[in-house]
Amino acid sequence: MAENQNPPKQKPVQNAISPRRADDFPEWYQSVVTAADMAENSDVRGCMVIKPWGYGIWELMQAQLDKMFKATGHKNAYFPLFIPLSYLEKEAEHVAGFAKECAVVTHHRLEAGSDGKLIPTGKLAEPLVVRPTSETIIGAAYAKWIQSYRDLPLLLNQWANVVRWEMRPRIFLRTTEFLWQEGHTAHETEEQALEETRRMLDVYQNFVRDHLAIPVITGRKSAGERFPGAVDTLCIEAMVQDRKAVQAGTSHFLGQNFAKASGIQYLSREGKKEYAWTTSWGVSTRLIGTLIMAHGDDDGLVLPPRVAPTQVVIIPIIPKDEQRKEILKACGAVAEQIEAELFHKENIRVEVDQRDIQGGVKTWEWIKKGVPIRVEIGPRDLEAGTVFVGRRDKGPKDKQSYPKEGFAAQVPGLLQSIQEAIYDRALAFRHENTKVIESKEEFYAYFTPKNEEKPEIHGGFALAHWNGSPEIEAKIKEDLKVTIRCIPFEEMQQPGKCIFTGEKSEQRVVFAKSY
């Protein structure tokens, strides 16, 4: 009898998220946000409601960054949400860059009309712009506070919300209102301001790499991508899993442009009136979107332990009601032991899921939320003196049994192992999807999808020579929706020839499609 040459078909892998990343990345992203219960669209178009799990991630980001800001000598302050229109008009390039995104308040009162409907009345003498960024309003304050070189440097940060009208919103990535921090500093010399600009970029790089486990390329923006009104914009650029770039943070050297517009002058050491040198820098809730797209998989969110609201979840497995008390007691004891351990000098964040629902349902909910470590404790574990452990950086069925005695002491090491594994995976992905390109034809082919109607995931980071021409930069953007993400620091400064014109090029730059 002939052997069966056709082996049985393997069952397709079942995932928690539909569609998968490879099938429809934008829809996958929205599904992860929903499945992880992070946020939802508001009834106000373009705005989002950040739910407790999503906001918990932002709170951790905020707390960790705030500590880093204070360690570099910065203090927090708060400035008005409303900015007089005349303030923006003082800096022409700045207002031109934001004009199409501004929300404007023109009235200060509502009155009922003859039909009972409310109508705005009480027209303001001067329109107020809802904060798109705060350089001008903070500049007005600095002009009053800074009188002498002895008042410098002035190093302030603000945690706030911002409004920039968004026509094509996407939760966390592009919303009309979002949360951020914006640092604003004033200095006595150009050199000090340049040092500050680079120092804060380094803070962002360290935070995104070491806390969010996302590798970034650091560099400066081209003139066409520079912050409106800045002399120079430094940035960190991350790659996410559809091979697009996300600008994860920026630090701007403003020169004396805003100081002159706002009248920030001081009496120098020589007794002369001088304009201050200023900087600004910021990151936003866009980092949460970057985190999702950099690390998430087809089962949901994957959180680096350092920014996970719950780092360890303990799931009681209770097949019979009479076992509930004993199992919950054991879970509580293990939770106390783990919570007493330190991870990066902080007590480990532990939760015991005591909800009266099936253990399997609980497990999948926590997988979708991206919790780094799941610990299951059931009757068999009590008998054997063990705990059953799953890691979010591994498959859902990849679990390991540990002796309960001494397990808590191993948790910090497990969390660090997960943190590093997530980073290494993201770094390997970026390496695999970064290409040195030597010709215009190769460049256009790299960024052109095979399926024009429903583009597949394509492209990546292209390292190519460019002659510095704004016209060439604009043409590439028009043809391919590809932009220069950054002009990298030191590592790519080998001269060559522009792949578009054949002219001299000082170094390779990073091109990519982006969010």
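**Helix packing, aromatic pairs and loops in a predicted model**

Q: Is Phe 500 buried or exposed in this predicted model?
A: The relative accessible area of Phe 500 is 15%. The cut-off for burial is under 20%. Phe 500 falls below that cut-off, so the residue counts as buried.

Q: How many strands does the protein chain have?
A: The chain combines helices and strands. There are 14 helices. The strands number 27.

Q: What percentage of the residues of the protein chain count as buried?
A: The C-alpha trace spans about 90 × 65 × 60 Å along its principal axes. The chain has 515 residues. The share that counts as buried is 51%.

Q: Among contacts between residues at least 6 apart in sequence, what percentage join residues at least 24 apart?
A: Take the contacts in the protein chain between residues at least 6 apart. Then keep those that join residues at least 24 apart. That share is 70%.

Q: At what angle do helix H2 and helix H6 pack?
A: H2 covers residues 52-71, and H6 covers residues 190-210. Their axes lie 11 Å apart. The crossing is right-handed. The packing angle is about 140°.

Q: How many residues of the contact of H2 with H6 are nonpolar?
A: H2 brings Met 61, Gln 64, Leu 65, Met 68 and Phe 69. They meet Met 200, Val 203, Tyr 204, Asn 206 and Phe 207 in H6. Two of the contact residues are polar and none is charged; the nonpolar ones number eight.

Q: Are H1 and H8 roughly parallel or roughly perpendicular?
A: H1 runs over residues 25-35 and H8 over residues 286-295. Their axes come within 11 Å and cross at roughly 115°. Angles of 65 to 115 degrees count as roughly perpendicular. H1 and H8 are therefore roughly perpendicular.

Q: How many residues of the contact of H1 with H8 are polar?
A: From H1 come Phe 25, Trp 28, Tyr 29, Val 32 and Val 33. From H8 come Gly 289, Ile 292 and Met 293. Seven of these contact residues are nonpolar and none is charged; the number of polar ones is one.

Q: How many of the residues of H8 are buried?
A: H8 is mostly covered. Its buried residues include Arg 286, Thr 290 and His 295. Gly 289 and Met 293, which meet H1, are also among them. H8 has ten residues, and the buried ones number ten.

Q: How many aromatic pairs does the structure hold?
A: Rings of Phe, Tyr and Trp pair if their centres lie within 6.5 Å. With that cut-off, the structure holds a number of aromatic pairs equal to 19.

Q: Is the pair of Phe 98 and Phe 227 stacked or edge-to-face?
A: The ring centres are 5.8 Å apart. The planes stand at 65°. Planes over 60 degrees apart count as edge-to-face, so the pair of Phe 98 and Phe 227 is edge-to-face.

Q: How many residues apart are Phe 98 and Phe 227?
A: Phe 98 sits in helix H4 (residues 92-98). Phe 227 sits in the loop between strand E9 (216-220) and strand E10 (232-239). The pair links distant parts of the chain, and the separation in residues is 129.

Q: What is the relative accessible area of Phe 227?
A: Phe 98 counts as buried at 5% relative accessibility. Phe 227 is buried too. Its relative accessible area is 11%.

Q: Which residue forms an aromatic cluster with Phe 443, Tyr 444, Tyr 446, Phe 447 and Phe 500?
A: Phe 443 is buried, with a relative accessible area of 0%. Phe 443 belongs to one aromatic cluster with Tyr 444, Tyr 446, Phe 447 and Phe 500. The remaining member is Phe 511.

Q: Is Gln 358 buried or exposed?
A: Gln 358 is in the loop between strand E18 (350-352) and helix H10 (359-369). The C-alpha atoms of Gln 358 and Trp 180 are separated by 39 Å. At 61% relative accessibility, Gln 358 counts as exposed.

Q: Which residues does Asp 398 touch, not counting residues up to four places away in sequence?
A: Asp 398 lies in the loop between strand E20 (386-391) and strand E21 (399-403). Asp 398 is partly exposed, with a relative accessible area of 42%. From Arg 226, the C-alpha to C-alpha distance is 46 Å. The residues Asp 398 touches are Val 389, Gly 390 and Arg 391.

Conventions. Residues numbered from 1 in each chain as written. Predicted model: local features only at pLDDT ≥ 70, side-chain atom pairs only at ≥ 80, totals over all residues. Heavy atoms only, no water. Axes fitted to C-alpha atoms, helices over the stretch in contact; angles between N-to-C directions. Helix = DSSP H or I, 4+ residues; strand = E, 2+ residues; numbered from the N terminus. Left-handed = near helix turned anticlockwise from the far one by under 90°. Contact = heavy atoms within 4.5 Å. Nonpolar A, V, L, I, M, F, W, Y, C, P; charged D, E, K, R; others polar. Parallel < 35°, antiparallel > 145°, perpendicular 65-115°, else oblique. Buried < 20%, exposed > 50% of the residue type's maximum accessible area, 1.4 Å probe, protein only. Phe/Tyr/Trp six-rings, centres within 6.5 Å; stacked < 30°, edge-to-face > 60°.
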